[in-house]
Every structure is written in structure tokens, then in C-alpha cells.
Amino acid sequence: MNTVHDEKELRVFGVFSVFRHTFQKDFRYNGEKHEGWEFVFVESGKMSALAEDKKYIIKSGEMICHKPMEFHNLNPYHSDATAIIFCFHCSDDAMRFFENKILTVNQRQRLYLGDIVSHAEAYFLPKSPLEIAKDGSMTKQEDAAPLHLQFIQNSIELLLLSLYSARSTDVRIRINSYTQHLKRKKLSADIKSYLEENLDKPVHLSELAARFSYSPSTLKTVFKEETGESIIAYYNRLRFDTAKRLLLEKSDSISEIAYSLGFHTPSHFSSFFKKMSGISPRQFSDGISGQK
């Protein structure tokens, strides 16, 4: 019987560190560079990553790859974020595929990541990210079975092979990541400003799309991802908050407030207000007067 032998690619020769950590939103780290590859997978929230002199926003479900001796840092972006970070040695030519990449991780690849972390927790002593950064490595537990390290190495290799071979995996060249993020953030801010300045007009997505030169679906997706709510929900909240303020000021009648906020009739405004608050504008206004 003939056996097939071939040179093995994507071999992991050493593992420096593996950990899962929830970074509080005020966590800050200046950065580092080291000889190993470092992969950062964001499980929840968003992380801002610096690679050399460029900044990137890594969303939940994405992974950024830092090549050896590339200066980098990692910080949560505006809120708490959880990430899996692992650093390893691999000198095979196939690793060039991972240079300057942000990858979207699929379900099977998440399972490999889970295996990497579970065996790392059984093999390495717990250590904070900042402590790991000081010397770039972790310490083996005294009674840890050597097989755990082999499982970690094999799981990293399987993950690398899966990422390398899954050409359907979403791959972003890092150079455009932060630029795209800034464009999306500006678009969201511009939509907010427009809505705030046009509360007396009904909102139509098609008109907004024409105004900002994007498709309605793109506007909806970008705004929801950047603000956490839909364009219509944000617009309705603006009108409701403005209505409450005007009712508190009592400078205008309910009919005048209704027309100033783009409602065709006072009854339409009253229905909207009751749907948002559970009470009518009159009940809100009378209730405030009764408290004085």
C-alpha cells in the first residue's frame, strides 16, 4: 500500500497566549508589537484596533489579524466588548493570506475558537490582558495535561485552514475599514440633523435616499447599525419629545403643536401621542398643570 506524504502547511509551532476577556468601555491600552501572530475575534460589542498607523473598527463576529512585529493596540469602542485573543508562532508562507485582513467568522470557525479557549483555560494560569502584554506570554498550570496544548495548536491550525480555504468567507482589506466607518457615522449624523430640522414634514425613505444619494435599504441598514434604532423610530421619538416640551411650555395650543410637527389634523397628533405615552396630549398637559 502506498502512502501519501506532503509538506504540512499552516503549522503552529508555539502558543504564547490565549484568553477571552470582557473589556470595560473605559479600558485603554497603548499598544505593543511582538514576534508572534495575533488574532482578535470580537464576540460582542465593537473594538477599535490600531495596526501600525491606521485605525479600524472591528464589529461583533469579525476578526482582525496582526502579523509579527506589527505595532497594534485594542480598545473597546464606546461600550463594553468581549473578545477572544490568541497569539502564536507560524512561519509558513500561507500566512501571508492573513496580512492586512479583517475576516468574518462563520459558525464552524466559532466552534474552533471555543475549543481553543476551553483548552487554554485548562492549560494556562489566569492572567489579565495587561499582565499578558508585559511579557507577551502566559504560564502553564502545574498539573495541566500536555494534551491541552496540543488541542490548542491543532484547533488553531484547523481554524487557519478553514479561514484560508473558505473563499466564501467575508474578507475586508483593512485599509478601508476606518474610512468606511467614518462615512457611515457621518451619514447617520447627517440624517439626524435633517430630521431635527424638518420635524414639520412627513418622512419618506425614498426622499431621504434621493437627498443623500443612497438606496433606501442602505440608509435603513446604516442608520440602524450606527444608532440602534430605525429612522422612523428616531423621527417619532424626536416628534414626541418635542411635543412634550411644547406642551410643558404651554405657549401653543394642541392644534398648533400638531400642525407644527407635521400632523394633518389634531386628532392624528392625539392618536400618535397616546400611542407613544399611553395618554392623550390633553391628559399630559392637564396632569402637569395639576402637579404645579
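## Strand S6 and its partner

In S6, asparagine 75 is the bridge partner of serine 48. The model that shows this pairing is a predicted one. Serine 48 lies within strand S3, residues 46-51. S3 and S6 run antiparallel, and five bridges join them.

How many residues of S6 are buried? Five of five are, so the strand is mostly covered. Its side chains point two ways. His72, Leu74 and Pro76 point one way. Asn73 and Asn75 point the other way. Residues on both sides are buried. Asparagine 75, the partner of serine 48, is thus one of the buried residues of S6.

## Two residues with positive phi

Most residues other than glycine have a negative phi. Two residues here are worth a look against that background.

Histidine 78 has a phi near 70°, a positive value in a residue that is not glycine. Histidine 78 sits in the loop between strand S6 (72-76) and strand S7 (81-89). Is histidine 78 buried or exposed? Its relative accessibility is 59%. The cut-off for exposed is over 50%, so histidine 78 counts as exposed. The S6 residues that come before this loop, by contrast, are buried.

Lysine 250 also has a positive phi, about 55°, and is not a glycine. Its place is the loop between helix H7 (231-249) and helix H8 (254-260). The relative accessible area of lysine 250 is 38%. That value falls between the 20% and 50% limits, so lysine 250 is partly exposed.

## Leucine 130 in helix H2

Leucine 130 belongs to helix H2, which spans residues 129-135. Leucine 130 is partly exposed, because its relative accessible area is 39%. Which residues does leucine 130 touch, not counting those up to four places away in sequence? They are Phe27 and Tyr29.

Phenylalanine 97 is a different case. Leucine 130 and phenylalanine 97 are 33 residues apart in sequence. In space, their C-alpha atoms are 29 Å apart.

## Serine 260 in helix H8

Serine 260 is placed in helix H8. With 34% relative accessibility, serine 260 counts as partly exposed. Leaving aside neighbours within four places in sequence, serine 260 is in contact with Leu199, Asp200 and Leu246. Leu246 falls within the range of helix H7 (231-249).

How many residues separate serine 260 from arginine 96 in sequence? The separation is 164 residues. From C-alpha to C-alpha, serine 260 and arginine 96 are 60 Å apart.

## The whole chain

The protein chain has ten helices and nine strands. Its radius of gyration is 27 Å, while the globule rule gives 19 Å for 292 residues. The chain is therefore more spread out than a compact globule. Taken along the principal axes, the C-alpha atoms fill a box of roughly 90 × 45 × 40 Å.

Of the 292 residues, 42% count as buried. The chain exposes about 16,100 Å², and carbon and sulfur atoms supply 50% of that area. Among contacts between residues at least 6 apart in sequence, 74% join residues at least 24 apart. The chain has 39 positive and 37 negative charges. The mean positions of these two sets are 7 Å apart.

Conventions: Residues numbered from 1 in each chain as written. Predicted model: local features only at pLDDT ≥ 70, side-chain atom pairs only at ≥ 80, totals over all residues. Heavy atoms only, no water. Helix = DSSP H or I, 4+ residues; strand = E, 2+ residues; numbered from the N terminus. Buried < 20%, exposed > 50% of the residue type's maximum accessible area, 1.4 Å probe, protein only. Pairing = 2+ DSSP bridges. Rg over C-alpha atoms; globule rule 2.2 N^0.38 Å. Contact = heavy atoms within 4.5 Å. Areas by Shrake-Rupley, 256 points an atom, 1.4 Å probe, with all protein chains shown as cover. Lys, Arg positive; Asp, Glu negative; His and termini not counted. Charge placed at Lys NZ, Arg CZ, Asp CG, Glu CD.
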